[in-house]
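Here is a structure to walk through together at your own pace. Have the sequence handy and try each question before reading on.

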Amino acid sequence: MVEAVQDGNGPALAEDAGGYVELLRDHIEKEDQVLFPMAKSVLDHAAVARLRTGFAVVEHRDLGVGSRQLYEQLARELAAGGACPPQG
């Protein structure tokens with residue numbers, strides 16, 4: 001993808017970006033269908049609370065307050081604009 005950007009090769013960039021989108025969709029599907037259900041079955045409420053606290057600390061310290069909400073809004077806008085059409 002970097003090479004396509006550097007070369008100004010729009011069609012190659014579009015193809016590479018499409019492949020990356022597919023990779024991310026596959027990854028997210030595995031998280032949703034396998035990892036998260038598995039974690040839910042083995043983690044108790046206290047462990048989940050500790051994870052949430054840890055994620056909040058990292059977000060605040062490393063990304064800045066409200067960064068997650070900004071990225072979530074960006075994702076919604078991109079999806080609404082057709083930048084990432086639904087799979088299927």
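What follows is a set of questions and answers on this predicted model.

Q: Which pattern does the chain follow, read along the sequence?
A: Let's start with the overall layout of this predicted model. The chain has four helices and zero strands. Read along the sequence, that gives the pattern α-α-α-α.

Q: What is the radius of gyration of the chain, set against that of a compact globule of 88 residues?
A: Along its principal axes, the C-alpha trace spans about 50 × 30 × 25 Å. A compact globule of 88 residues would come out near 12 Å, but the radius of gyration of this chain is 17 Å.

Q: What percentage of the residues in the chain are buried?
A: The chain exposes about 7,400 Å², and carbon and sulfur atoms supply 63% of that area. To count as buried, a residue must have under 20% relative accessible area. Of the 88 residues in the chain, the buried share is 6%.

Q: How far apart are the end C-alpha atoms of helix α3?
A: Helix α3 covers residues 45-63, which makes 19 residues. At 1.5 Å a residue, the expected span is 27 Å. The distance in the model agrees with that, because the end C-alpha atoms are apart by 26 Å.

Q: Which residue caps the N-terminal end of α3?
A: Look at the loop between α2 and α3, where the capping residue lies. A side-chain oxygen of this residue sits 3.2 Å from the backbone nitrogen of Ala46. The same side chain reaches the backbone nitrogen of Ala47 at 2.8 Å. With a relative accessible area of 47%, it is partly exposed, and the cap is Asp44.

Q: Which residue just after α3 takes a positive phi?
A: Now move to the other side of helix α3, which covers residues 45-63. Just after α3, a positive phi of about 100° is taken by Gly64.

Q: Which helix gives the largest share of the nonpolar surface patch?
A: The patch is formed by Met1, Val5, Tyr20, Leu23, Leu24 and Ile28, with about 560 Å² of accessible area together. One of its members, Tyr20, counts as partly exposed at 43% relative accessibility. Four residues of the patch come from one helix, spanning residues 10-42, and that is α2.

Q: Which residue meets Arg25 in a salt bridge?
A: Both partners lie in helix α2, three residues apart, about one turn of the helix. An α-helix has 3.6 residues a turn, so residues at this kind of spacing, three or four places apart, point the same way. The closing N to O distance is 3.6 Å, and the partner, partly exposed at 34% relative accessibility, is Glu22.

Q: Which residues do salt bridges that share partners join into one network?
A: Arg68 forms a salt bridge with Glu59, the closest N and O atoms being 3.6 Å apart. Glu59 counts as buried at 15% relative accessibility, whereas Arg68 is partly exposed at 43%. Arg68 also meets Glu72 at 3.2 Å, N to O, and these two lie four residues apart in helix α4. The shared partners therefore join one network of Glu59, Arg68 and Glu72.

Q: Which side chain does Gln73 join in a polar contact?
A: Gln73 is found in helix α4, residues 67-80. At 34% relative accessibility, Gln73 counts as partly exposed. Its side chain is in a polar contact of 2.9 Å with the side chain of Arg76.

Definitions and conventions. Residues numbered from 1 in each chain as written. Predicted model: local features only at pLDDT ≥ 70, side-chain atom pairs only at ≥ 80, totals over all residues. Heavy atoms only, no water. Expected span 1.5 Å × (residues − 1). Polar contact = N/O pair within 3.5 Å; in protein donor to acceptor, adjacent residues only side chain to side chain. Patch = residues over 30% accessible without salt bridge, like charges linked within 9 Å, V, L, I, M, F, W, Y side chains within 5 Å. Areas by Shrake-Rupley, 256 points an atom, 1.4 Å probe, with all protein chains shown as cover. Salt bridge = Lys/Arg side-chain N within 4 Å of Asp/Glu carboxyl O. Buried < 20%, exposed > 50% of the residue type's maximum accessible area, 1.4 Å probe, protein only. Rg over C-alpha atoms; globule rule 2.2 N^0.38 Å.
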